[in-house]
Amino acid sequence: MTASAHGPAADRREATRQSIRALLGPGGAAAALFAGYEARPGQIAMAERIADAIDGDERLLVEAGTGTGKTLAYLVPALLSGRKVVVSTGTKTLQDQIATVDLPRLRAMFERAGLLPAPLEWAVMKGLSNYVCRRRLGERDRQRSLVAEPELDRLLAFAASSETGDRADLRDLADDASIWAEVSATPETRIGPRCEFFETCFVTGMRRRAAVAPLIIVNHHLFFADLALRARWPEAQVLPPYDVVIFDEAHQIEDVATEFFGVHASTQRLFALARDLGRETGVDAQRAQAAAGRLKAATDALANALRAMVPAPRPGVEETRVAFPGDLKSGPLDRYHELDGCLEQIADWLDPDGDAVASSRRPIELTGLARRATALRADLSVLVAGRGREHVRWLAASPRNVGLHASPVDVSPVLGRALDACPGPIVLTSATLTVAGSFDYLRARVGLGDTASDATFPSPFHYNRQALLYVAPDLPEPNHANFPLEAAARMVDLCAITGGRALLLFTSFRNMRIAEAHLREVSPFPLLVQGERPRHLLLASMRERIGSVLLATQSFWEGVDVPGEALSLVVMDRIPFGVPDDPLTAARIDRIRDEGGEPFGDYQLPRAALALKQGFGRLIRTRTDRGIVAVLDGRVARKPYGATLIASLPPDCPRTELLEDVAAFWTRTAAPVGSANTAPS
């Protein structure tokens with residue numbers, strides 16, 4: 001009889017399993033509270049495996065197929081562990097769902113089961129820019145013009161009544177309202193305990209709630225901002241100390257970490273400094289406005305010089321990216337030196353030990369402006385001079401912004417070291433972590449190597465009855481000039497079968513625009529097009545107007561949840577390979593090749609397989625959903641690598657290359673597939 005079979009650890013694990021079943025199992029708290037609840041064996045098994053990982057201080061990769069109920073499968077063991085847990089999500093939308101839907105349900109379940117000694121509490125933490133700053137709002141109010149400003153009045157009323165100051169609670173402010181940038185908190189404008197509003201500050205309140213809560217809900221951007229800050233200054237931190245971290249939508253963390261372990265500067269950041277300097281009342285107004293004007297002019301001059309280095313954008317593309325040249329030509333270099341000189345003058349003028357600050361009634365605000373100017377100088381210096389072979393420098397230009405970036409070519413070493421600094425167990429979960437059944441790609445990209453265990457919990461959905469995969473082998477090659485229009489015509493054929501109810505996913509804005517024009521000409525179904533309205537309004541319209549067809553690009557390939565008859569057809573125009581001339585993608589391809597690897601098989605194909613898997617996952621969201629996933633890129637059927645792509649999709653999903661089979665499947669599955677499952681996620 002081994003020590004592991006009996007003893008405190010084994011007893012503790014068995015007690016946790018019993019608690020999980022008391023909450024999620026047949027006849028448990030969830031079944032008693034929620035009508036139509038059905039216990040899911042995969043969810044219970046996943047919760048038990050995560051509980052063991054937390055108890056054993058493991059690192060664990062968990063792929064949970066759509067419908068497993070992964071959110072509760074990790075929240076339940078996290079709360080039962082009695083340890084301080086950070087849950088990091090892929091998006092603020094999922095973060096809000098957990099905080100406003102899942103956790104209130106869990107609170108009721110735990111109370112029903114009598115499993116927690118005190119009421120369940122949690123805290124939500126977001127990046128500073130999500131919160132209104134009382135100091136900046138007051139300054140903006142004092143500077144208001146004689147013209148009525150209804151947006152400012154709404155913000156003042158919101159700040160007076162809100163408990164959190166979180167923009168997510170401010171429903172009637174437009175997504176692109178410029179005033180938010182003037183009144184929101186930012187790392188550069190926050191002045192800490194010296195601020196007169198510190199005790200009533202929304203950010204202070206957020207951090208104090210997080211310090212005492214056993215569970216903190218963050219998003220990947222905030223989590224990696226914290227890791228990046230600690231990597232530079234070990235004593236600094238955004239998050240309070242924690243014992244366990246769980247990453248939901250973990251397939252995104254390489255991209256987010258790449259952003260936060262790089263260096264960035266932009267015209268938006270420079271113009272914001274000029275705006276705040278020009279409005280500063282703690283120094284001579286004429287001098288401040290003159291300095292702000294010089295900074296704006298120097299920023300404009302550099303932006304124009306950099307834009308000249310960028311080719312004209314492709315039709316419909318918002319942002320163009322190019323590799324930054326090794327040596328700047330004299331024009332852009334001269335403009336950079338002019339800008340650097342302006343920033344240096346501002347930093348010297350507002351030096352904390354200088355006369356301007358010493359004689360000002362607003363020394364803290366002036367010191368903050370100097371700090372921002374100094375930080376911009378430092379970042380621009382790194383971006384212009386370069387950071388060596390480990391980073392790729394690139395330039396991004398859009399109508400409203402020019403950005404300079406230096407990103408790590410391979411983020412896995414620094415990410416691996418950052419994760420090593422996490423004090424306890426780490427769980428990474430998503431519906432899309434494996435490529436053809438293997439976790440190897442993700443392990444390599446996030447620096448985990450062989451340090452993590454893994455587990456897979458398949459979807460409980462019956463894809464053999466609920467779904468059909470259609471591949472179109474007869475269309476031209478995707479790079480052929482006729483492909484976009486012929487693909488659009490095939491989309492019309494497919495929509496005719498399902499009566500619209502379609503999400504059409506594109507890998508480029510150009511192809512989306514061609515398809516949009518064709519559908520407007522020949523299709524009878526209501527069209528919804530990305531960019532016409534905010535994402536959440538487009539999805540709401542799709543749910544309400546049964547028969548609608550939504551056309552979208554990359555950002556809609558994941559995170560779209562439209563259960564029921566409103567979405568019965570998902571069409572992907574091409575295999576979602578990364579754009580090979582994107583500077584970061586090109587640098588990674590070169591690095592893999594230089595190290596003797598095979599870029600296509602080691603990087604491009606696995607990344608495309610995960611994206612394809614995400615697109616497929618938009619279709620079947622409940623046990624009663626049914627429909628068709630169509631891939632119009634015939635390479636899936638013709639190329640040897642197509643087997644890897646197919647092997648990454650649900651193995652029991654039947655597939656066809658004939659439209660007749662699609663029509664027959666749709667007719668055959670007109671009746672509901674099964675009973676509804678209204679369980680919490």
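## Strand pairing and aromatic contacts

Strand β13 (residues 502-505) pairs with β16 in the parallel sense, and four bridges connect them. The model discussed here is predicted. Within this pairing, Leu505 has Met572 as its bridge partner in β16.

Strand β16 (residues 569-572) is also joined to strand β17 (residues 627-631) by four bridges, and these two strands run parallel. Here the bridge partner of Met572 in β17 is Val631. Met572 is thus named in both pairings, as partner of Leu505 in one and of Val631 in the other. The side chains of β16 point two ways: Leu569 and Val571 point one way, whereas Val570 and Met572 point the other way. Leu569, Val570, Val571 and Met572 are all buried.

A second topic is the aromatic residues. A pair of aromatic rings is described by the distance of the centres and the angle of the planes. A search of the whole structure yields nine aromatic pairs. One of them joins Phe223 and Phe224: with ring centres 5.5 Å apart and planes at 80°, above the 60 degree limit, this pair is edge-to-face. Phe223 counts as buried because its relative accessibility is 0%, and Phe224 likewise counts as buried at 0% relative accessibility.

Phe223 also pairs with Tyr242; the ring centres are 6.1 Å apart and the planes stand at 50°, so this pair is tilted. The contact links distant parts of the chain, 19 residues apart: Phe223 belongs to helix α10 (residues 220-232), while Tyr242 lies in the loop between α10 and β5 (244-247). Tyr242 has 8% relative accessibility and therefore counts as buried, the cut-off being under 20%. Together with Phe247, the residues Phe223, Phe224 and Tyr242 form one aromatic cluster.

The ring geometries described above are set out below.

| Aromatic pair | Distance of centres | Angle of planes | Class |
|---|---|---|---|
| Phe223 and Phe224 | 5.5 Å | 80° | edge-to-face |
| Phe223 and Tyr242 | 6.1 Å | 50° | tilted |

Arginine residues also lie over aromatic rings. Arg535 is placed over the face of Phe556, at 4.8 Å from the ring centre. Arg626 lies over the face of Trp666, and in that case the value is 3.8 Å from the ring centre.

Technical notes: Residues numbered from 1 in each chain as written. Predicted model: local features only at pLDDT ≥ 70, side-chain atom pairs only at ≥ 80, totals over all residues. Heavy atoms only, no water. Phe/Tyr/Trp six-rings, centres within 6.5 Å; stacked < 30°, edge-to-face > 60°. Buried < 20%, exposed > 50% of the residue type's maximum accessible area, 1.4 Å probe, protein only. Lys NZ or Arg CZ within 6 Å of the ring centre and 35° of its normal. Pairing = 2+ DSSP bridges.
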